[in-house]
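Trainee: Could you take me through one part of this model in close detail? I'd like to see how a piece of it sits among its surroundings.

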Amino acid sequence: MYYHGQVISRSTHAPTLLVHGGAWAIPDTDAPAHESGVRRALETGYAILSRGGSALDAVEAAVVVLENDPTFDAGCGSFLTSDGRVQLDALLMDGGRMKAGGVACVERIRNPILAARLVLEQSPHVYFVGAGAEVFAAAHGMPLIDNHELVLDRERARLAHARSRQAAGLADETFSGQIHRDDKGPETAAVPAISADQTSHDTVGAIALDAQGNLAAGTSTGGTLNKTPGRVGDSSLIGCGCYADNLSAAVSLTGWGEPIMKLVLGKWATDRVAAGSAPEFAAREAISYLFNRLGGHGGIILLGPDGRFGIAHNTPAMAWGLATPAGLDTGLSL
């Protein structure tokens, strides 16, 4: 069908918000920061939903909180490229209007999810990259910053460690799995857990259902450690790391981007919900498919138009949060 206007699911369920702060081997020392970070995102986003606000506004607000928290690989605190810079990707999608906005490889935007919202609302296009995305954002009133404002000393140390491993010929296989190997090089995976200050962190995302029955999804990332400048992962690609449609589901994924992209895993999961699968089952099925087909590792949050949801991961941990009228819940594993 053609979406000439807003598609409303007429949900009878209460507003729901789910967030994630990445799926990886979160050390015990970092666990409190991850749980408190997703809780703050839930509180901010659900405050919008609870007063009748839109799913799109709630998702945007929740992701901004996560981008501003250096605990996560999004915004300030992101991984560095091989030449020591931060490059950010984000996507925001409105499941009622079937509108989306995405940016990739931006270096002078503090909150790429806000730039994605500008693209969604103010442009006939869906996706801007690099300098073009920054020019578009600035033309619509967004201040640009110096890239060094996004770079932390913690990440400079991580990059130095990754370079030393690469020079020694040691591959990074944190997300690559034990059965299959992806055809990308070590730059596309995160540093394996050596110590608490050398471990990975990962993409953030949020999905929401509002009182009007609209779904929305957003995903934001700083990419992978030591990546080649210009590399774009799954997070900001429609149907890969993020997707929303009132007639199926809203989804946000986290993990190693290359296998997720190859499987268009976000759309794969929402299609399962549209075909009648419960989101709880479809989420687990998607992560199984990711591993069994390509040896991929990651996590997923999935929300149907009836309020049912699913959370799954095949990494040691995933920071997640859920908010409904019954209250807020957070965790690091399922």
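Mentor: Sure, and keep in mind that this is a predicted model. Let's start just after helix α7, where G276 takes a positive phi of about 115°. Now step back into the helix itself, which spans residues 265–274. Its buried residues are L265, G266, W268, A269, T270 and V273. Here's a handy bit of background: an α-helix has 3.6 residues a turn, so residues three or four places apart point the same way. What covers the buried residues of α7? The cover includes two helices, α6 (257–263) and α8 (279–294), along with the strands β7 (242–244), β8 (250–255) and β9 (298–303).

Elsewhere in the model there's an open sheet of eight strands with mixed pairing, and its order is β4-β3-β2-β6-β5-β1-β11-β12. Look at the edges: β4 (127–129) and β12 (327–331) each have a single partner strand, so one side of each is left without a neighbour in the sheet. From one strand to the next, the twist averages 5°. At the β4 edge, three bridges join that strand to β3 (residues 99–106), and the two run parallel. One pair to find there is G102 and its bridge partner in β4, Y127.

Helices pack on this sheet too. Helix α1 (residues 31–50) touches β1 (16–24), β5 (204–209), β11 (317–324) and β12, and its direction makes about 155° with that of β1. Helix α2 (residues 55–67) touches β1, β2 (88–94), β5 and β6 (215–221), with its direction at about 160° to that of β5.

Conventions. Residues are numbered from 1 along each chain as its sequence is written. This is a predicted model: local features need pLDDT of at least 70, side-chain atom pairs count only at pLDDT 80 or more; totals for chains, interfaces and linings use all residues. Side-chain values use heavy atoms; hydrogens and water are left out. Buried means under 20% relative accessible area, exposed over 50%, partly exposed in between (1.4 Å probe, protein chains only). Helices (H or I, at least four residues) and strands (E, at least two) are DSSP runs, numbered from the N terminus. Contact means heavy atoms within 4.5 Å. Two strands pair if DSSP finds at least two bridges between them. Axes are lines fitted to C-alpha atoms, for helices over the stretch in contact, and angles run from 0 to 180 degrees between N-to-C directions.
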